[in-house]
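Please look over the sequence and the model below. The paragraphs that follow go through a metal site, the residues around it and the nonpolar core.

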Amino acid sequence: MHIRLHPSILAADFVNLESELARIDGADAVHVDVMDNHFVPAIIFGAQMVGRIAQVSPIPLDVHLMIENPDLHAVTYADMGAQSVTFHVEAAKDSHAIISALHEAGSLAGVALKPGTALEPYYELFHEVDTVLLMTVEPGAGGQSFMPEMMPKLEALAGYLKDHGLTPLVEVDGGITTTTLPIALRSGANTFVAGSSVYGSGEPNFNIEALRACAH
Ligand code: DX5
Ligand code: ZN
């Protein structure tokens with residue numbers, strides 16, 4: 001089955017980012033996690049950094065904002081050259097306005113939900129976005145274990161989208177490996193973020209192909 005793979009450069013070597021990006025040129029996009037030390041404890045990759053990454057990356061940028069006040073900041077990342085900007089509904093004051101602003105800035109727009117966040121209050125947004133990202137770990141760090149208990153939520157999302165003829169990307173993020181990818185795929189995901197399992201050991205492009213190969 002055709003899937004999209006978005007390696008996370010959170011697991012890359014930060015002092016060699018340009019060559020680390022070249023090592024994942026077989027992927028569909030690079031997932032860039034932005035953390036602000038407020039929405040999550042960690043801090044990484046500000047807008048200038050993302051802009052420079054966009055300039056040298058051989059593949060498009062899928063920016064995942066784990067920040068407070070995306071209402072103020074999301075468009076900056078679109079302006080920096082991200083193909084897609086995904087923000088957390090838990091942090092947004094006016095998600096509709098952010099989605100419109102991203103579209104006006106020429107970017108795709110996505111919404112992300114933490115593991116404990118219910119789908120139901122956000123159904124309306126799924127009609128407007130290009131990506132729905134369900135976290136399969138608590139946001140904030142790479143290298144955590146996949147939460148299989150998120151699969152019923154993923155199935156409910158996939159069911160809602162199908163019933164309404166909606167086709168945003170259904171992206172899962174956290175703990176994706178050759179073991180867990182097929183589980184999430186069967187539950188309705190079509191886009192997979194993978195940090196540790198791509199950069200952790202061996203050759204990243206080879207690891208990407210190994211992940212693609214288990215998508216059935
Ligand atoms: C977690 C980040 C993820 C992370 C995934 O907060 O949003 O994108 O980089 O890393 P792995 O694949 O190692 O779980
Ligand atoms: Zn992420």
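Helices and strands here are DSSP runs, a helix having at least four residues and a strand at least two, and they are numbered from the N terminus. By that numbering, S8 sits in the loop that joins β1 (4-7) to α1. The model is a predicted one.

The zinc ion (ligand 2) is a useful place to start. Its protein donors are H31 (NE2), D33 (OD), H64 (ND1) and D173 (OD), at distances of 2.0 to 2.3 Å. H31 belongs to strand β2 (residues 30-36) and H64 to strand β4 (residues 61-66); the two are 33 residues apart, and the pair links distant parts of the chain. The spacing of the donor residues in sequence is H-x1-D-x30-H-x108-D. Six donor atoms surround the zinc ion (ligand 2), and the arrangement is octahedral because the angles they subtend run from 71 to 173°. For six donors, that term requires opposite donors over 155 degrees apart and all other angles between 65 and 115. H31 and H64 are both buried.

Two of these donors lead back to the loop. Apart from residues up to four places away in sequence, S8 touches H31 and D33, and also V193, A194, G195 and Y199. With D33 there is a polar contact between side chains, at 2.9 Å from S8. Is S8 buried or exposed? S8 counts as buried because its relative accessibility is 5%, and the cut-off for buried is under 20%. For P41, which lies 33 residues from S8 along the chain, the C-alpha separation from S8 is 18 Å.

The helix that follows this loop holds another buried residue. E20 is located in helix α1 (residues 17-22). A relative accessible area of 7% is why E20 is classed as buried. Setting aside neighbours within four places in sequence, E20 contacts A12, D13 and Y199. Y199 is also among the residues that S8 touches.

The nonpolar residues come next. In soluble globular proteins, nonpolar side chains tend to be buried together. In this model the largest nonpolar core contains 70 residues, and I9, L181 and F192 have the most contacts inside it. Helix α5 (residues 151-163) supplies the largest share of this core, with five residues. What is L181 in contact with, leaving aside its neighbours within four places in sequence? Its partners are I3, L5, I176, F192, L211, C214 and A215.

Technical notes. Residues numbered from 1 in each chain as written. Chains lettered and ligands numbered in written order. Predicted model: local features only at pLDDT ≥ 70, side-chain atom pairs only at ≥ 80, totals over all residues. Heavy atoms only, no water. Buried < 20%, exposed > 50% of the residue type's maximum accessible area, 1.4 Å probe, protein only. Contact = heavy atoms within 4.5 Å. Core = buried A, V, L, I, M, F, W, Y, C linked by side-chain atoms within 4.5 Å. Donors = N, O, S within 2.8 Å, 3.2 Å for Na, K, Ca; no water. Tetrahedral: all angles 85-135°; square planar, octahedral: opposite > 155°, others 65-115°. Polar contact = N/O pair within 3.5 Å; in protein donor to acceptor, adjacent residues only side chain to side chain.
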